[in-house]
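Below are some notes on the model, set out as numbered points. Please read them alongside the structure.

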Amino acid sequence: MIDLTTLSKKRLDTVANRLNQLSLFLGQRDVNTLTTSALQQQFRIQRIDALALFGGSILEGANVMHAAISHHVAKHYVLVGGAGHTTPLLRTQMAQHGIVAPEDATESALFQRYLLEKFDDHVDLLETKSTNSGNNVTNTLALLKNQQLKINTLGIMQDATMQRRLAAGFKKFAPQITLINYATYAPHIVVKDNQLTFATTALGMWTMTDFITLLLGEVARLHDDANGYGPNGQSFIAHVHVPSAIVKADAFLHEMLQVPIRSANTAFKSSVK
């Protein structure tokens, strides 16, 4: 647990502001709303060739996919995700909303079930083998290729803490594709009653401690150095420019909150590079 009880109101305000800096940077959205009018204004297209929702997102991601389907923003809809470290949480969230799925259901199958039962939405493709953000990318590209779909534009939706890293993965493996990023939620943290809290609540939102831990594990991964995921490190992703303000905010929060850098779960590791 992150102990915030010793922080003054002024310090809490600063922590909230720095967390919001990171959240806005990591939770990349290239359009304000995922609608055909926004796509036309920003990208001069009527519809995305394919829109994919990735496992790892909280349940709110399924609602965002439903809204996109309702607005007919894409020609094809894809759910991506096998079984990973977030799968038990997603399954629990589904059960809390009256949707019971088999114990071996993948995250893409869980999202599919939710969309079908709640909205009668049908998606075109499921990818069920991915266990991490690296093979999320390569498996999705392989699936689209196997279906012989011509993909010039691809919408990608991931948990807000991991959206920018997912985009960097696609830029590495498919630089020719125009990406439309739309993180599945846009959190904003405020101080209320001397506590950090979310201004609005997304469906299935992380606890504040879990959200902070996820945020503070990302910037180090984005670095293009010997310890990062960029070409000069593990080469999982394309180069990402991390502004100095983000580096400073991340360093400040690590020092203030004493949060260790989140380690990758080796149970779901892949060797994709």
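**Notes on the predicted model**

1. In this predicted model, strands β4 (residues 153-157) and β5 (residues 178-181) are paired in the parallel sense, over 4 bridges. Thr-153 has Thr-178 of β5 opposite.

2. The connection involves helix α7 (residues 163-173): together with β4 and β5, α7 makes a β-α-β unit, and this unit is right-handed.

3. Helix α7 also packs against helix α6 (residues 133-146); their axes come within 9 Å and cross at roughly 45 degrees. Because of that angle, α6 counts as oblique to α7. The crossing of α6 and α7 is right-handed.

4. Which residues make the contact between α6 and α7? On the α6 side they are Ser-133, Asn-136, Val-137, Thr-138, Thr-140 and Leu-141, and these meet Arg-165, Leu-166, Gly-169, Phe-170 and Phe-173 of α7.

5. Helix α3 (residues 60-70) has buried residues at Glu-60, Gly-61, Ala-62, Val-64, Met-65, Ala-68 and Ile-69. Their cover includes β1 (48-54), β2 (74-80), α5 (107-119) and β4. Strand β4 thus appears both here and in the pairing with β5.

6. After α3 comes His-72, with a positive phi near 55 degrees.

7. Is Thr-6, in the segment before α1 (9-26), buried or exposed? Thr-6 has a relative accessible area of 64%, and the cut-off for exposed is over 50%, so Thr-6 is exposed. Between the C-alpha atoms of Thr-6 and Asn-17 the separation is 18 Å, the two being 11 residues apart along the chain.

Technical notes:
Residues are numbered from 1 along each chain as its sequence is written. This is a predicted model: local features need pLDDT of at least 70, side-chain atom pairs count only at pLDDT 80 or more; totals for chains, interfaces and linings use all residues. Side-chain values use heavy atoms; hydrogens and water are left out. Two strands pair if DSSP finds at least two bridges between them. Helices (H or I, at least four residues) and strands (E, at least two) are DSSP runs, numbered from the N terminus. A crossover is right-handed if, with the strands pointing away from the viewer, the path from the first strand over the helix to the second runs clockwise. Buried means under 20% relative accessible area, exposed over 50%, partly exposed in between (1.4 Å probe, protein chains only). Contact means heavy atoms within 4.5 Å. Axes are lines fitted to C-alpha atoms, for helices over the stretch in contact, and angles run from 0 to 180 degrees between N-to-C directions. Angles under 35 degrees count as roughly parallel, over 145 as roughly antiparallel, 65 to 115 as roughly perpendicular and the rest as oblique. A crossing is left-handed if the near helix is turned anticlockwise from the far one by less than a right angle, and right-handed if clockwise.
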